[in-house]
Amino acid sequence: MASDLHTHTNFSDGSFSPEELVTEAKKVGLKYLAVTDHDTVEGVKFLYENGLYPDKKIKFIPGVEFSANHTTCDVHILGYNIDIYDGALSEMINEIAEARWERLSEIIKNLQEKNYDIREADVLKVAGGTASVGRFHIARALVKKGAFKTVREAFDKMLGNGKPAYAPRYFPEVDNIIETIHQAGGTAGLAHPLLVGDDELVEKICAKVDFLEVFYPAHKPQDVQRYKIMAAKYNLKLSGGSDFHGITSRFVNSLGEFTISDDIAKNFFEAESE
């Protein structure tokens with residue numbers, strides 16, 4: 001069998017509901033699955049509060065993926081086996097959500113000043129019930145209105161860093177994220193180190209975390225080997241996943257297209273959670 005420890009639902013920027021994601025995971029034969037939505041645990045809460053987790057047919061790992069503050073690099077920290085009701089975790093998520101709403105309003109205002117016919121209501125309709133509303137949802141709303149042909153085009157022309165409608169957002173510090181994940185009873189790790197774009201920074205973060213996402217669709221064999229060596233240097237567990245969003249513009253189109261071995265995934269599974 002195979003496993004995937006990096007997936008997203010429509011509670012952040014994925015297209016599958018949590019229930020659909022779990023159903024698909026069973027269908028493709030995954031043994032271990034981690035849901036790691038961006039800056040929210042609402043998808044995990046949905047599974048738990050609707051009796052869909054734990055599940056006898058799949059070993060589920062509750063998770064989250066936080067974006068961290070850095071001036072030049074894209075740093076994401078994963079958390080596994082977190083207490084989804086932890087107070088400090090909830091506080092951090094609420095702060096991020098509040099900042100997202102402020103940023104949403106600013107981007108909408110920027111677009112309107114550029115004569116784009118878009119309102120917050122249009123974005124919220126696309127986003128559904130998620131509290132983790134971001135540029136991806138704005139891009140989808142713009143595509144739906146016919147302003148752009150694709151989400152990528154919307155980012156390239158208006159929403160990307162430095163583009164006309166761009167607005168900066170709040171990110172918590174790496175150390176604060178790691179501390180909060182640990183306080184919530186979880187283990188913290190660096191996601192997709194190649195995408196950080198700076199191995200010197202990756203090493204600095206490796207000295208602080210518990211695991212490294214070595215196996216990732218964008219990682220070539222030489223990258224995997226380099227990060228395996230780095231993980232061994234800092235005595236880190238190895239992790240990996242597809243970063244599945246259910247969106248064709250992402251690295252994988254289908255769940256199960258990129259997987260890791262069960263032997264790696266089981267190192268993060270806490271049987272007592274069942």
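Residues are counted as buried under 20% relative accessible area and as exposed over 50%. In the predicted model examined here, this distinction separates two sides of helix H9, residues 199-206. The face turned away from the buried side of H9 carries the exposed residues Glu200 and Lys204. The buried residues of H9 are Leu201, Val202, Ile205 and Cys206. Viewed down the helix axis, these buried residues fall within an arc of 145 degrees, so they line one face of H9. The cover over the buried residues of H9 includes both strands and helices: strand S4 (75-80), strand S5 (187-190) and strand S6 (211-215), together with helix H8 (193-196) and helix H10 (221-233).

Cys206, one of the buried residues of H9, has a relative accessible area of 1%. Cysteine 73 is likewise counted as buried, because its relative accessibility is 14%. Neither burial is accompanied by a bond between the two residues: the sulfur of cysteine 73 lies 14 Å from the closest cysteine sulfur, that of cysteine 206, which is too far for a bond. Cysteine 206 is in no disulfide, and its nearest cysteine sulfur is that of cysteine 73. With a cut-off of 2.5 Å between sulfur atoms, the count of disulfides comes to zero.

Helix H10, which is among the elements covering the buried residues of H9, also contains alanine 232. Alanine 232 is exposed, with a relative accessible area of 58%. The C-alpha atom of alanine 232 is separated by 31 Å from that of methionine 92, and the two residues are 140 residues apart along the chain.

Three helix pairs were examined for their packing. Helix H1 (residues 18-27) and helix H2 (residues 42-49) cross at roughly 75 degrees, and their axes come within 9 Å. Because angles of 65 to 115 degrees count as roughly perpendicular, H1 and H2 are assigned to that class. On the H1 side the contact is formed by Pro18, Glu19 and Val22, which meet Gly43, Phe46 and Leu47 in H2. By residue class, this contact comprises four nonpolar residues, one polar and one charged.

For helix H3 (residues 87-113) and helix H4 (residues 120-127), the axes come within 10 Å and the crossing angle is roughly 125 degrees. The two helices are therefore oblique to each other. Trp101, Leu104, Ser105 and Ile108 of H3 meet Glu120, Val123 and Leu124 of H4. The contact of H3 with H4 divides into five nonpolar residues, one polar and one charged.

Helix H5 (residues 135-144) packs against helix H6 (residues 151-159) at an angle of about 110 degrees, with the axes 9 Å apart. H5 is thus roughly perpendicular to H6. The residues contributed by H5 are Arg135, Phe136, Ile138, Ala139, Arg140, Leu142 and Val143, and their partners in H6 are Val151, Ala154, Phe155 and Leu159. Nine of the residues in the contact of H5 with H6 are nonpolar and two are charged, while no polar residue takes part.

Key. Residues are numbered from 1 along each chain as its sequence is written. This is a predicted model: local features need pLDDT of at least 70, side-chain atom pairs count only at pLDDT 80 or more; totals for chains, interfaces and linings use all residues. Side-chain values use heavy atoms; hydrogens and water are left out. Axes are lines fitted to C-alpha atoms, for helices over the stretch in contact, and angles run from 0 to 180 degrees between N-to-C directions. Helices (H or I, at least four residues) and strands (E, at least two) are DSSP runs, numbered from the N terminus. Angles under 35 degrees count as roughly parallel, over 145 as roughly antiparallel, 65 to 115 as roughly perpendicular and the rest as oblique. Contact means heavy atoms within 4.5 Å. Ala, Val, Leu, Ile, Met, Phe, Trp, Tyr, Cys and Pro count as nonpolar, Asp, Glu, Lys and Arg as charged, and the others, Gly among them, as polar. Buried means under 20% relative accessible area, exposed over 50%, partly exposed in between (1.4 Å probe, protein chains only). The arc is that of the directions from the helix axis to the C-beta atoms.
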